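Visitor: Could you walk me through this entry? I would like to begin with the overall fold.

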Amino acid sequence: MKKLGYFLLYGSLSIVAIIQVFPIVWLFLFSLKDNREIFAGNPFALPQAIKWENYYSVWEAGIGNYFFNSVWITTVSIFFTLLFASMAVFVITRMHWKLNKLVLGLFMIGLMIPIHSSLIPLFSMFLDAGIIDNPWAIVLTYTAYNLPITMMILLGFYYTIPKEIEEAAIIDGASLHRLFFTIILPLTIPVLSTTAIINMIYNWNEFVFANTFISSDRYKTLTVGIQNFVGQYMTDWGAIGATLVISVLPILIAFFFFSNKIVEGISSSAVKG
């Protein structure tokens, strides 16, 4: 009976895994076809003639520049978001001051602000600051919009950190900055890995802000640059599929890289007895 239970469990998990992986496999096969085969043939069939030139053509068309822009904008935005969120949560949860609950509430209000309601105010503010059509406008926007959700995830984690760690560090003469950067921050690496994945998925796939604040082709990200492959009279769908495959790969690689860190303990051996 126990073996039957294991068989059903692993059988169900295998089916779920196949369902999850199938769209990625289908997209890869889609990227190796031309328009005739996509529309005239079976959409689930293997490509009759593999079109590796789809990848070459999109790279020659400038997808490499869009890819680089997405990488550095996403990376810098994640860095600032995790740093500022960690600082804010540290001050709110580990220090005692009168307005900490009010400040936390103000940050959490950001979760309720719709993206589209902020487009005009942000555009006006960035226009006055002279950073419209500048990638730093996107970096600032991504950082600010991801702060509330990042802080909400970090909050519960910070509350579980034993205060004995801080007390021991202070007794040893550690300053506030050293306490945060060399002791508290390294303990939160597992949850920071989780929030980094969440931030990466949002930043990498975001379209509205990037399309609104960026007009120059050299600053466009992948989500905006893919529009260049949609023509007025003809669209190269194989090339679009190749672009989508290129855009999905970093997300998958990052997930496999960080997944082993998510389950790590934060302070199981930090305080003994």
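Guide: Certainly. This is a predicted model, and along the sequence the protein follows the pattern α-α-α-α-α-α-α-α-α-α-α-α.

Visitor: How many helices and strands are there in the protein?

Guide: The protein has 12 helices and 0 strands.

Visitor: And is the protein a compact globule or more spread out?

Guide: The protein is more spread out than a compact globule, because its radius of gyration is 23 Å, well over the 19 Å that the globule rule gives for 273 residues. Along the principal axes, the C-alpha atoms fill a box of roughly 70 × 70 × 30 Å.

Visitor: What percentage of the residues count as buried?

Guide: Buried residues make up 39% of the 273 in the protein. The accessible surface comes to about 16100 Å², and carbon and sulfur atoms account for 71% of that area.

Visitor: Turning to contacts, what share comes from residues 24 or more positions apart?

Guide: Such pairs supply 75% of the contacts in the protein that have a separation of 6 or more.

Visitor: What about charges: how far apart are the mean positions of the positive and negative ones?

Guide: The two mean positions lie 11 Å apart, with 14 positive and 14 negative charges in the protein.

Visitor: Last topic, confidence. Where does pLDDT stay under 50?

Guide: That applies to residues 265–273, for which the model has 13 contacts beyond four places in sequence. Over the protein, pLDDT averages 84, and 92% of the residues score at least 70.

Key. Residues are numbered from 1 along each chain as its sequence is written. This is a predicted model: local features need pLDDT of at least 70, side-chain atom pairs count only at pLDDT 80 or more; totals for chains, interfaces and linings use all residues. Side-chain values use heavy atoms; hydrogens and water are left out. Helices (H or I, at least four residues) and strands (E, at least two) are DSSP runs, numbered from the N terminus. The radius of gyration is taken over C-alpha atoms; the globule rule is 2.2 Å times the number of residues to the power 0.38. Buried means under 20% relative accessible area, exposed over 50%, partly exposed in between (1.4 Å probe, protein chains only). Contact means heavy atoms within 4.5 Å. Accessible areas come from the Shrake-Rupley method with a 1.4 Å probe; for residues, only the protein chains shown count as cover. Lys and Arg count as positive and Asp and Glu as negative; His and the chain ends are not counted. The place of a charge is taken as NZ of Lys, CZ of Arg, CG of Asp or CD of Glu. pLDDT is the predictor's confidence in each residue, from 0 to 100.
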